[in-house]
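Let's take a walk through this protein chain, starting with its overall make-up and ending at one pair of strands. Have the model open so you can follow along.

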Amino acid sequence: MHRYKEISKNSSGKYKEKNSKFISFAIKTESIKEVKNNLLIIKKKYKADHYCYAYVLGRDKSIMFSNDDGEPKSSAGKPILGQIISADLTNILIVVLRYYGGIKLGFSGLQKAYKLATKNVLSNLEIVNKKNKENIKVKFNYSEINSVMKIIKDYNLDIISKTIENECKIIFACNTEDFESVIRKISQNNKVLIEKK
């Protein structure tokens, strides 16, 4: 998987169903620690009856979780997570607050409300397509600098760090879709050593 989608900035939305108010927040989040911190901030700022949420983390979307926070099982967190998956997003936390309005919505009513509250906040977002990158570390003698720099320029690689002396070391980030061809190109010069970082 060479590409993934993230949100460019945080957003919020509102939804109302039979006197119950739902406020949704979409937050750019890259770790479980950030998820916990963001939940604490929201809980301190807003006094709601329920704080239901879901998140997807990692460029490969390997971490997914949802929480119903006291609502009937799978009536809140699962529909929130379903919308994140449908939008093909990662590194995102969506929290939907519910202020109970005195009328019970029932299981399917809750599912619909949490789904629509999530859809609402997602419709306000700007989504960014990102490319997966891998780091490559190369070592070579100064005499090979021109051939290495040509490859970096040809593939538009991002230099992360470099040491230019008699023995040079450069670490650069390469799009995963170009990774194999960049490695092949560098390997053609046996005076340049590759060390995958």
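Counting secondary structure elements in this predicted model, you get 5 helices and 11 strands in the protein chain.

Next, look at the overall dimensions. Measure along the principal axes and the C-alpha trace spans about 75 × 30 × 25 Å. The radius of gyration tells you something about that too: the protein chain comes in at 23 Å, while a compact globule of 197 residues would have a value near 16 Å.

What about the inside and the outside? Of the 197 residues in the protein chain, 42% are buried, where buried means under 20% relative accessible area. On the outside, the accessible surface adds up to about 11,200 Å², and carbon and sulfur atoms own 48% of that.

How do the contacts spread along the sequence? If you take the contacts in the protein chain with a separation of 6 or more, 70% of them are between residues 24 or more positions apart.

Now for charge. The protein chain carries 37 positive side chains and 21 negative ones. Work out the centre of each set, and the two centres lie 6 Å apart.

Finally, zoom in on a pair of strands, S9 (residues 158-163) and S10 (residues 167-175). The two run antiparallel and are joined by 5 bridges. They make a hairpin, with 3 residues sitting between S9 and S10. Which residue in S10 does Asp158 stand opposite? Look across from Asp158 and you'll find Ala173.

Key
Residues numbered from 1 in each chain as written. Predicted model: local features only at pLDDT ≥ 70, side-chain atom pairs only at ≥ 80, totals over all residues. Heavy atoms only, no water. Helix = DSSP H or I, 4+ residues; strand = E, 2+ residues; numbered from the N terminus. Rg over C-alpha atoms; globule rule 2.2 N^0.38 Å. Buried < 20%, exposed > 50% of the residue type's maximum accessible area, 1.4 Å probe, protein only. Contact = heavy atoms within 4.5 Å. Areas by Shrake-Rupley, 256 points an atom, 1.4 Å probe, with all protein chains shown as cover. Lys, Arg positive; Asp, Glu negative; His and termini not counted. Charge placed at Lys NZ, Arg CZ, Asp CG, Glu CD. Pairing = 2+ DSSP bridges.
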